[in-house]
Amino acid sequence: MSNDVIFWTQIASIVAFVFLVFGLYRLLVDQKDATIQFLKETVSILKDQLVDARRSTPDVLAQSLSGRVKLLEGELERLSQDKDANQELVHSKEEELRATRQKAEELTKQVSLARELLSDFLCPHCGSALTAREFHSESVEYQGRELDVDHEYSEYECGYSILDGKPHSPCNSGKGRNASAIKYA
Ligand SMILES: [Zn+2]
C-alpha cells in the first residue's frame, strides 16, 4: 500500500470515529458527568491523532475535522456548564419547595388551632358570635347536706344558648350554616 492509501484510510477511520463519538454524545446528552469526561478524553485523543495526521500530510480535510472536534469540545463544555447550572437551579428549587412545604404545614397547624379555639366562641349552628358566658354556683340541699353545684351558661347573638353543655334555647338564625360549615370553612 502506498503512503497515500494509508493516510486516507487513517483519515476515513478518524472521520468514522468522530461521527460515532458525535452520535454517542447525542445519545448520552442527559447522562452523567463521567460520560462527559469520557467523551472529552476521547475528543482529546482524536485531536492528537489529527495533529499527527496534519503533520505527516497537511490536508484540508484534516483541518475541517479539527474544526469539527473544536465544535464538539465547545458543545461538551457548554453542556457540562448547563448541567451544573441546571443542577444548582434544581437544588435551589428543591430547597425552596421544602421551605414552602414546611411553612404551609405550620400555617395549617395554626389555622386548625385557631379554628378550634374560635369554635368555642361561635354558635355551632350559624356561626354567630358569643354574647355572654356566665359561671355561677348554686347551693342545693341533698340528703340533709349543702352542696355547691357549678353552672356554665353561654349565649350567642342568634339566641342559641347552652347551659352546662346542653342546648338551652334554639338558634333563631335563618342563615343555614351548620356546625360542619364552621369546622371546615
Ligand atoms: Zn345560631
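Two strands are taken to pair where DSSP finds at least two bridges between them. On this basis the predicted model contains an open sheet of 4 strands in the order E1-E2-E3-E4, with antiparallel pairing. The edges of the sheet are formed by strand E1, covering residues 130-142, and strand E4, covering residues 166-169, each of which pairs on one side only. Direction ignored, neighbouring strands of this sheet are turned against each other by 30 degrees on average.

The sheet belongs to a chain whose secondary structure comes to 4 helices and 4 strands, and these elements follow the pattern α-α-α-β-β-β-β-α when read along the sequence. Of the 185 residues in the chain, 9% are buried. Among contacts between residues at least 6 apart in sequence, 52% join residues that are at least 24 apart. The mean pLDDT of the chain is 75, and a value of 70 or more is reached by 74% of its residues. Over residues 177-185, by contrast, pLDDT stays under 50, and for this stretch the model has 11 contacts beyond four places in sequence.

Within the sheet, the antiparallel strands E1 and E2 are joined by 12 bridges, and in this pairing Glu141 stands opposite Glu146 in E2. Because the number of buried residues among the 13 of E1 is 0, this strand lies largely in the open. The next pairing, between strand E2 (residues 145-156) and strand E3 (residues 161-163), is likewise antiparallel and comprises 3 bridges; here Ser154 stands opposite Ile162 in E3. In general, the strands of a sheet pair through backbone hydrogen bonds, in either a parallel or an antiparallel manner.

Two loop residues of the sheet region were examined for their backbone conformation. Most residues other than glycine have a negative phi. Gln143, which is not a glycine, nevertheless has a positive phi of about 50 degrees. Gln143 is placed in the loop between E1 and E2, and the hairpin formed by these strands has 2 residues between them. With 5 other C-beta atoms within 10 Å, where a residue with 12 or fewer is classed as exposed, Gln143 is therefore exposed.

A positive phi of about 50 degrees is also found at Asp164, again although the residue is not a glycine. Asp164 is located in the loop between E3 and E4, the latter being one of the edge strands of the sheet. Because Asp164 has 11 C-beta neighbours inside 10 Å, it counts as exposed.

Outside the sheet, the helical part of the chain was considered through Phe22, which is found in helix H1, a helix spanning residues 3-27. Phe22 has 17 C-beta neighbours inside 10 Å and therefore counts as partly exposed, given that 20 or more such neighbours would be required for a buried residue. The C-alpha atoms of Phe22 and Val43 are separated by 9.7 Å, the two residues being 21 residues apart along the chain.

How values were computed
Residues are numbered from 1 along each chain as its sequence is written. This is a predicted model: local features need pLDDT of at least 70, side-chain atom pairs count only at pLDDT 80 or more; totals for chains, interfaces and linings use all residues. Axes are lines fitted to C-alpha atoms, for helices over the stretch in contact, and angles run from 0 to 180 degrees between N-to-C directions. pLDDT is the predictor's confidence in each residue, from 0 to 100. Two residues are in contact if their C-beta atoms, placed from the backbone, lie within 7 Å.
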